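Thank you for making time for this. I would like to walk through one structure slowly, for those who have not met it before, and I will take it topic by topic.

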Amino acid sequence: MSNKHILFIDMNETSHGLKALKKAKELNYSITFFTSGLEFYKESTIMEALPCINQLVKIDTHNNLDILVNEAQKINNIKKIDGVYASSDTEILAAAKVCDALGLKGNSYDAVLKCRNKYVMRKEISNTNLKQPEFIIISSLKEVEEAVEHFISRGKKFPLIFKPVDSTASDGVKLVHSIEDIIESVKQHYNSLHITRGFYKSRDIVLEEYINGNLYSAEVILTPNKIEFLGFTDRKLTPPPKFVELDGSYPYEFKEELNIKSYILNVIQSLGLTFGACHIEFLMNEDNQPVLVEVNPRLAGFTISSIISRCRNVDIIEQLVRLHVDEEYNFGRNNVGTGYFKVISPSKAGIYKGYKGNPYPNENLIDFKISMPVNSYLTNKPGSNRDLLGVVTTFGNNKSEAVENCENVLRNVKIIVNS
């Protein structure tokens, strides 16, 4: 019987958050759960989560971290907290703050802040010789024209990339083609600052040079003993102006893998990251050189963690939870086979009424996940990952086989949408 005590600070519903909570329960950990409110979760998620939780604390997990830390210290005085886990971008700063205060293993608050704020990250990387896009911050509408002049003076032209500095799931990220386009995007951003669970985006925008290239990610685990380099993914996105993921595979192999690994490790070191999962997105430019997109000190989203687990024949989420409470862990040694995920896309916009068909049983199906409840409005032009209906994840001996297995699943399922 384990006597470990782990603190969860909210969780995401579309990726691995609930799985991590349930895995901690299976490991017989005592679980304290800080949440901004259960009303932010789907009823099905609440029904699965509540039996896992020993102590539920309703508290603001975003806007006053000193109060949150104080509550964690009180609980720690009663029963020692062995680790803190946050699965979502919106709570990883809170987790770092608690770890700093309690002296627990984890990334420092300063290191996580450098990742969560895309402008701060760009500033930090600009002190190195690592490749990244030209950039500038916009804090008000008055600064738009000056920001554009910044790019012109450096020989950069439209189109440019518009990014809220601390958004998640590609929310608000778009390609802009003119000053008028930027001004309209800023206004839209100011009118949609709330993301989820009471988290509000900063008003600041980072404007970046547009670099044409394919998107990839590196999946890394940082442990006290070594850096576990799990592998790369490749990604396919929607056409501009928005950049929403459509599909991807793991592991992806580069010919110049050693050079790219060196680049990734230098990024990690430059930002001061030392612990836990790290998901680093980058482009390969026309010169076949990596160019940094963003750094997230967490597991990759969608079902990438399930793919990694299948390819490495080990439960990555369980091992990561063990790492956080300082128990023995094993992230596997090699990847075998290939995993592939594809977004489930409706043929038309309308009201989702469920699906017909049976994706199961299929030994090559890793996951068939519907994220939207019945009677939700579906768009066939998603603006962020939150607009997606769901995702199918499959396995094969290679990518071609995994893709074919995915298409076989989708052929057996009909999505019902009423106009």
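Why is the sulfur of Cys99 not in a bond with the closest cysteine sulfur? Before I answer, please keep in mind that what you see is a predicted model. The closest cysteine sulfur to that of Cys99 belongs to Cys115, and because the two sulfurs are 15 Å apart, they are too far from each other for a bond. A disulfide, in general, is a covalent bond between the sulfur atoms of two cysteines, and the count of disulfides in this structure is 0. Cys311 is likewise in no disulfide, since the nearest cysteine sulfur, which is that of Cys406, lies 14 Å away. As for their surroundings, Cys99 counts as buried because its relative accessibility is 5%, under the 20% cut-off, and Cys311, with a relative accessible area of 2%, is buried too.

Cys99 brings us to helix 4, which spans residues 92–102 and is mostly covered, with 8 of its 11 residues buried. Those buried residues are Ile92, Leu93, Ala94, Ala95, Ala96, Val98, Cys99 and Leu102. What do the buried residues of helix 4 pack against? They pack against two helices and two strands, namely helix 3 (65–78), helix 5 (109–116), strand 1 (5–9) and strand 4 (83–85). Just after helix 4 comes Gly103, which takes a positive phi of about 70°.

Helix 4 also matters for our next topic, the enclosed spaces. The model has 3 cavities of 30 Å³ or more, and the largest cavity has a volume of about 230 Å³. It is lined by 21 residues, of which Ala86, Ile92, Asn107, Pro297 and His324 are the closest to its centre. Two or more lining residues come from each of strand 4, helix 4, strand 14 (276–284) and helix 11 (316–324), and among these helix 4 gives the most, with 4 residues. By class, the lining of the largest cavity holds 13 nonpolar, 6 polar and 2 charged residues.

The second largest cavity has a volume of about 40 Å³, and its lining is made of Met11, Phe33, Leu38, Tyr41, Thr45, Ile46, Ala49 and Ile53. Of these, 7 are nonpolar, 1 is polar and none is charged, and the largest share, 3 residues, comes from helix 2, residues 43–49.

Turning from cavities to pockets, I will show the second largest pocket, which holds about 410 Å³ of space. Which residues are closest to the centre of the second largest pocket? They are Phe229, Leu230, Arg312, Arg333 and Asn335, out of 22 residues that line it. Strand 12 (227–237), strand 13 (245–252) and helix 9 (257–271) each give two or more residues to this lining, and strand 12 has the largest share, with 5 residues. The lining divides into 8 nonpolar, 7 polar and 7 charged residues.

Finally, let us look at a sheet. It is an open sheet of 3 strands in the order 19-17-21, with antiparallel pairing, and its edge strands, each pairing on one side only, are strand 19 (377–378) and strand 21 (413–418). Strand 17, which covers residues 350–357, runs antiparallel to strand 19 and is joined to it by 2 bridges. In strand 19, Tyr377 is the bridge partner of Ile351.

Technical notes
Residues numbered from 1 in each chain as written. Predicted model: local features only at pLDDT ≥ 70, side-chain atom pairs only at ≥ 80, totals over all residues. Heavy atoms only, no water. Pairing = 2+ DSSP bridges. Disulfide = S-S within 2.5 Å. Buried < 20%, exposed > 50% of the residue type's maximum accessible area, 1.4 Å probe, protein only. 1 Å grid on protein atoms, 1.4 Å probe; cavity = no way out; pocket = protein on both sides within 12 Å on 5 of 7 lines; lining within 4 Å. Points joined across faces, edges and corners; volume = space filled by probe spheres on them. Nonpolar A, V, L, I, M, F, W, Y, C, P; charged D, E, K, R; others polar. Contact = heavy atoms within 4.5 Å.
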